[in-house]
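Dear colleague,

I am handing over the structure below, and after it I set out what was found. Please keep the sequence and the 3D view open beside this message while you read.

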Amino acid sequence: MPELPEVETVRRGLQPVLEGARLVNVEARRPDLRFPFPERFSERLAGKTVTALGRRAKYLTMHIEDGPVLICHLGMSGSFRVEAAGSSDTPGAFHHERSKSAAHDHVVFDVASPKGERSRVIFNDPRRFGFMLFAEGAPDTHPMLAGLGIEPTGNALDGPLLASLLAGRRSPLKAALLDQRLIAGLGNIYVSEALWRAGLSPLREAGTIAGSGKKAKEQCERLAEAIRSVIADAIAAGGSSLRDYVQADGSLGYFQHSFAVYDREGMPCPKPGCSGHIERIVQSGRSTFYCRTCQR
């Protein structure tokens, strides 16, 4: 499943093409993806201008002039492709094979820029786990977005705030960080990486770093900084490019080359001075990678 950095990379790739552009025509080539398309889906979008392209957690939000907000989720295999008018080529170099079959091109947005330049934005999703839904009011009130926690980007997520979120929680620290009601958009890969950077075990009780003592405060501040930095680094690298995830321009991200622990079972811990090795355990049905020597 693409995580927050991948979705942010897609947003940045689509932003120059979609923001300020007019949706000349919108074609849904099937009645549903993961969920049915909203009623009058194409009709309500065609002819309208995209005023902004945002992101909330792992969701893209397309704000439409005098219309609803379109909430998009990539699912397991969804990606957007940008094509110039009259061309069927997909820009970017592919390092992993992906579907190029028109049978998986489920939604096509024909767009015109303010200068009249034409292009197509195509949503391709072989597994059809993605979806597109309308938010009639403020996006944050939609059931998919309501109740999401703070974004793990920027400086709002600091040590004191993280401590307040984790206080009293007896679940494993990794499970608490994956709770979307606390921090929105954090996923399995980047939680493992952040915990390694912070030197904290994914197995420890979450509330143990939320105390009032000096050590707990330092641990919370260190973890907050690790979360912000690992997300920022992944966004800068273009995402992790796991399996069939692709960016908006058709290319793949490269943060996977910087993984310290994820998918590195049995390899030496890369932390300077650490003699440990990376282990893999399963928590709540998901793989966790960590070093028990330096993560306490």
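In what follows, two residues are said to be in contact when heavy atoms of theirs lie within 4.5 Å. Please bear in mind throughout that this is a predicted model.

With that meaning of contact, the meeting of helix H5 with helix H6 can be described residue by residue: on the H5 side stand Tyr190, Glu193, Ala194, Leu195, Arg197 and Ala198, and on the H6 side Arg222, Leu223, Ala226, Ile227, Ser229, Val230, Ile231, Asp233 and Ala234. Sorted by character, the residues of this contact comprise 10 nonpolar, one polar and four charged. H5 covers residues 188-198 and H6 covers residues 214-237, and their axes come within 8 Å of each other and cross at roughly 130 degrees. Because of that angle, H5 counts as oblique to H6, and the crossing in which H5 passes H6 is right-handed.

H6 also meets helix H3, which spans residues 159-166; here the two axes again come within 8 Å, and the crossing is at roughly 105 degrees. H3 is therefore roughly perpendicular to H6. Gly159, Pro160, Leu162 and Ala163 of H3 make this contact with Cys220, Glu221, Leu223 and Ala224 of H6, and the residues involved divide into six nonpolar, one polar and one charged. Leu223 of H6 thus appears in the contact with H3 and in the contact with H5.

Turning to the strands, there is an open sheet of four, arranged in the order S1-S6-S7-S5 with antiparallel pairing. Strand S1 (22-28) and strand S5 (79-84) are at the edges, where each has a single partner strand, so that one side of each is left without a neighbour in the sheet. On average, and with direction ignored, neighbouring strands of this sheet are turned by 20 degrees against each other. The partner of S1 is strand S6 (residues 105-112), with which S1 pairs in the antiparallel sense over six bridges; within this pairing, Glu27 has Val108 of S6 as its bridge partner.

Finally, the structure holds 17 salt bridges. One of them joins the side chains of Arg81 and Asp105, with a distance of 2.9 Å from N to O. Since Arg81 lies in strand S5 and Asp105 in strand S6, this pair ties together parts that are 24 residues apart in sequence.

With best regards

Conventions: Residues numbered from 1 in each chain as written. Predicted model: local features only at pLDDT ≥ 70, side-chain atom pairs only at ≥ 80, totals over all residues. Heavy atoms only, no water. Pairing = 2+ DSSP bridges. Helix = DSSP H or I, 4+ residues; strand = E, 2+ residues; numbered from the N terminus. Axes fitted to C-alpha atoms, helices over the stretch in contact; angles between N-to-C directions. Parallel < 35°, antiparallel > 145°, perpendicular 65-115°, else oblique. Left-handed = near helix turned anticlockwise from the far one by under 90°. Nonpolar A, V, L, I, M, F, W, Y, C, P; charged D, E, K, R; others polar. Salt bridge = Lys/Arg side-chain N within 4 Å of Asp/Glu carboxyl O.
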